[in-house]
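This report looks at charged side chains, at the salt bridges they form and at where they lie in the fold.

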Amino acid sequence: MAVLPIRISGAPVLHSPAAEVTEFDASLRTLVDDMLETMKAAPGVGLAAPQVGVPLRVFVFSWTDDEGQSISGTVINPTLFISPTPIGEADEDTESEGCLSIPGERFPLRRAEHAILRGVDLDQKPFEIEADGWLARIFQHEFDHLNGVLYADRLEYDHSKILAKVLRKKGWNTPDQSWTPGVDHLED
């Protein structure tokens, strides 16, 4: 297994829809193993293939809730069904999220409270997971990556404006930026 470089906002692969997986072979298994290792090293709770430069509809996740229950997995060619997103302003304390492709930044974002994720695993076995709260948020965030959408694209105007300044200041939003967990230290 290897820790892969994570693309930073601006990389074309992050802003384009990913392709369906058609080959369930050893290279896909290696990709998933490397993605799990990268997610763990970052550390993160989810990682989509486009974030490591691979334009395929695959993401991995690993999350532990407040009661200590852990859930993790690999989702290939997912579909996602969500409840309506609540109306109103996002709460900065309870609804802020970040992204490994915009490292070190967090902004409030409203997401649907409930999600149903369907996909297949590495053995092409179909499954379905119903999720609420943060797990539903993780699924929505990673699914967005597969559609070429970053959470930054969904921010309210004031937060979007602040993030745009941060990205300019750090020199991000260019096509060739990446960082490698455990290797690169990104300055604040």
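## A salt bridge between two loops

In this predicted model, E20 and R57 form a salt bridge in which the closest N and O atoms are 3.6 Å apart. The pair links distant parts of the chain, since E20 sits in the loop between β1 (6–7) and α1 (26–41), while R57 sits in the loop between β2 (46–48) and β3 (58–64), 37 residues apart.

The two partners can also be described by their accessibility. E20 has a relative accessible area of 46% and is therefore partly exposed, whereas R57, at 8% relative accessibility, counts as buried because the cut-off for that class is under 20%.

## A buried pair

The side chains of R111 and E97 meet in another salt bridge, with a distance of 3.0 Å from N to O. Here too the pair links distant parts of the chain, R111 being in the loop between β6 (102–108) and β7 (114–120) and E97 in strand β5, 14 residues apart. Both R111 and E97 are buried.

## A pair between two strands

R118 and E128 are likewise joined by a salt bridge between their side chains, with N and O at 2.5 Å. Because R118 belongs to strand β7 and E128 to strand β8 (residues 126–132), this salt bridge ties together parts that are 10 residues apart in sequence. R118, with a relative accessible area of 38%, is partly exposed, and E128, at 41% relative accessibility, counts as partly exposed as well.

## The network and the total

Salt bridges that share partners join E97, R111, R137, D144 and R154 into one network, and the buried residues R111 and E97 are thus among its members. Side chains of opposite charge can pair when their charged atoms come close. In total, the structure holds 9 salt bridges, including those of E20 with R57, R111 with E97 and R118 with E128.

## A negative patch on the surface

Which residues form a negative surface patch? The patch is made up of E89, D91, E92, D93, E156 and D158, and residues qualify for such a patch because they have over 30% relative accessible area and no salt bridge.

One of these residues, E89, lies in the loop between β4 (70–82) and β5 (96–99). E89 has a relative accessibility of 62% and so counts as exposed, the cut-off for that class being over 50%.

Technical notes. Residues are numbered from 1 along each chain as its sequence is written. This is a predicted model: local features need pLDDT of at least 70, side-chain atom pairs count only at pLDDT 80 or more; totals for chains, interfaces and linings use all residues. Side-chain values use heavy atoms; hydrogens and water are left out. Patches are made of residues with over 30% relative accessible area and no salt bridge: like charges are joined within 9 Å, nonpolar side chains (Val, Leu, Ile, Met, Phe, Trp, Tyr) within 5 Å. Accessible areas come from the Shrake-Rupley method with a 1.4 Å probe; for residues, only the protein chains shown count as cover. A salt bridge is a side-chain nitrogen of Lys or Arg within 4 Å of a carboxyl oxygen of Asp or Glu. Lys and Arg count as positive and Asp and Glu as negative; His and the chain ends are not counted. The place of a charge is taken as NZ of Lys, CZ of Arg, CG of Asp or CD of Glu. Helices (H or I, at least four residues) and strands (E, at least two) are DSSP runs, numbered from the N terminus. Buried means under 20% relative accessible area, exposed over 50%, partly exposed in between (1.4 Å probe, protein chains only).
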